[in-house]
Amino acid sequence: MDLQEINKYDAVFRFNRAPTEGYEKHVGTSTTYRFSHPDNLGFEESPNEIAVYSVESKSSLERLLMYAKKFPDRLPLFVMSPALVEYASHGLTRMPSLGYTAVNVALQMCRQISVYGFFTSDQQGSRHHYY
């Protein structure tokens with residue numbers, strides 16, 4: 001793969017705390033959307049990232065609202081609708097991962113998508129990340 005191939009795309013989706021810093025030659029430097037759980041609130045590598053949060057409980061929504069009130073300069077924050085997660089889970093035997101749901105979002109937003117570094121989290125019995 002061309003080391004800057006990922007940077008050539010119109011939109012780059014990243015997840016949770018997946019960094020680019022220190023891994024640029026493998027994952028590029030561009031981030032358009034960062035899909036994350038509220039326990040990763042505040043993590044960003046660029047002020048240009050668009051933060052999209054998955055809210056799965058009342059407490060995670062409250063945490064997100066408190067963060068937005070405390071740090072109004074970090075707005076806007078976007079929240080995925082529970083209906084979107086339900087749509088993404090159609091036909092699955094368990095709740096979809098954040099990455100799986102975000103790929104469904106990309107399929108709705110984009111004419112064509114390319115996916116890098118995806119595999120099920122239970123392969124070989126543990127989660128795998130490049131960082």
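This passage describes the secondary structure, strand pairing, nonpolar cores and aromatic pairs of a predicted model.

In the predicted model, the secondary structure of the chain amounts to 4 helices and 4 strands, and these elements follow one another along the sequence in the pattern β-α-β-β-α-β-α-α. Of the 131 residues of the chain, 33% count as buried. Among the contacts between residues at least 6 apart in sequence, 37% join residues that are at least 24 apart.

Strand β3, which spans residues 50-54, is paired on two sides of the strand order, with β2 and with β4. The strands β2 and β3 run parallel and are joined by 4 bridges, and within this pairing Arg-34 has Ala-51 of β3 as its bridge partner. The pairing of β3 with β4, the latter made up of residues 77-80, is likewise parallel and comprises 4 bridges; here Tyr-53 has Val-79 as its partner in β4, while Ser-54 is bridged to Met-80. Between these two strands the chain passes through helix α2 (residues 58-70), and the resulting β-α-β crossover is right-handed. Strand β3 is mostly covered, in that 4 of its 5 residues are buried.

The largest nonpolar core contains 10 residues, namely Phe-13, Phe-15, Tyr-33, Phe-35, Val-52, Met-80, Leu-98, Ala-102, Val-105 and Ala-106. At least two residues of this core are supplied by each of β1 (13-15), β2 (33-36) and α4 (98-109), and α4 gives the most, with 4 residues. One of the core residues, Ala-102, is in contact with Phe-13, Phe-15 and Phe-35 when its neighbours within four places in sequence are left aside. Apart from this core lies another, of 8 residues, which includes Tyr-53, Val-55, Leu-64 and Tyr-67. In soluble globular proteins, nonpolar side chains tend to be buried together.

The aromatic residues of the largest core are also related to one another through their rings, since Phe-13, Phe-15, Tyr-33 and Phe-35 form one aromatic cluster. In total, the structure holds 5 aromatic pairs. The rings of Tyr-9 and Tyr-116 have centres 6.3 Å apart and planes at 65°, and the pair is therefore edge-to-face, the angle being over 60 degrees. Because Tyr-9 lies in the segment before β1 and Tyr-116 in the segment after α4, this pair ties together parts of the chain that are 107 residues apart in sequence. Both partners are partly exposed: the relative accessibility of Tyr-9 is 32%, and Tyr-116 has a relative accessible area of 33%.

A further pair is formed by Phe-13 and Phe-35, whose ring centres lie 5.5 Å apart with their planes at 10°, so that the pair is classed as stacked. This pair links distant parts of the chain, with Phe-13 in strand β1 and Phe-35 in strand β2, 22 residues apart. With a relative accessible area of 17%, Phe-13 counts as buried, the cut-off being under 20%, and Phe-35 is also buried, with a value of 2%.

A polar residue, Glu-49, was examined in the loop between β2 and β3. With a relative accessibility of 10%, Glu-49 counts as buried. Its side chain makes a polar contact with the side chain of Arg-34 at 2.8 Å, and Arg-34 is itself the residue bridged to Ala-51 of β3. When residues up to four places away in sequence are not counted, Glu-49 touches Thr-31, Thr-32, Arg-34, Phe-43 and Glu-44.

Technical notes: Residues numbered from 1 in each chain as written. Predicted model: local features only at pLDDT ≥ 70, side-chain atom pairs only at ≥ 80, totals over all residues. Heavy atoms only, no water. Core = buried A, V, L, I, M, F, W, Y, C linked by side-chain atoms within 4.5 Å. Buried < 20%, exposed > 50% of the residue type's maximum accessible area, 1.4 Å probe, protein only. Contact = heavy atoms within 4.5 Å. Polar contact = N/O pair within 3.5 Å; in protein donor to acceptor, adjacent residues only side chain to side chain. Pairing = 2+ DSSP bridges. Right-handed = clockwise from strand over helix to strand, strands pointing away. Phe/Tyr/Trp six-rings, centres within 6.5 Å; stacked < 30°, edge-to-face > 60°.
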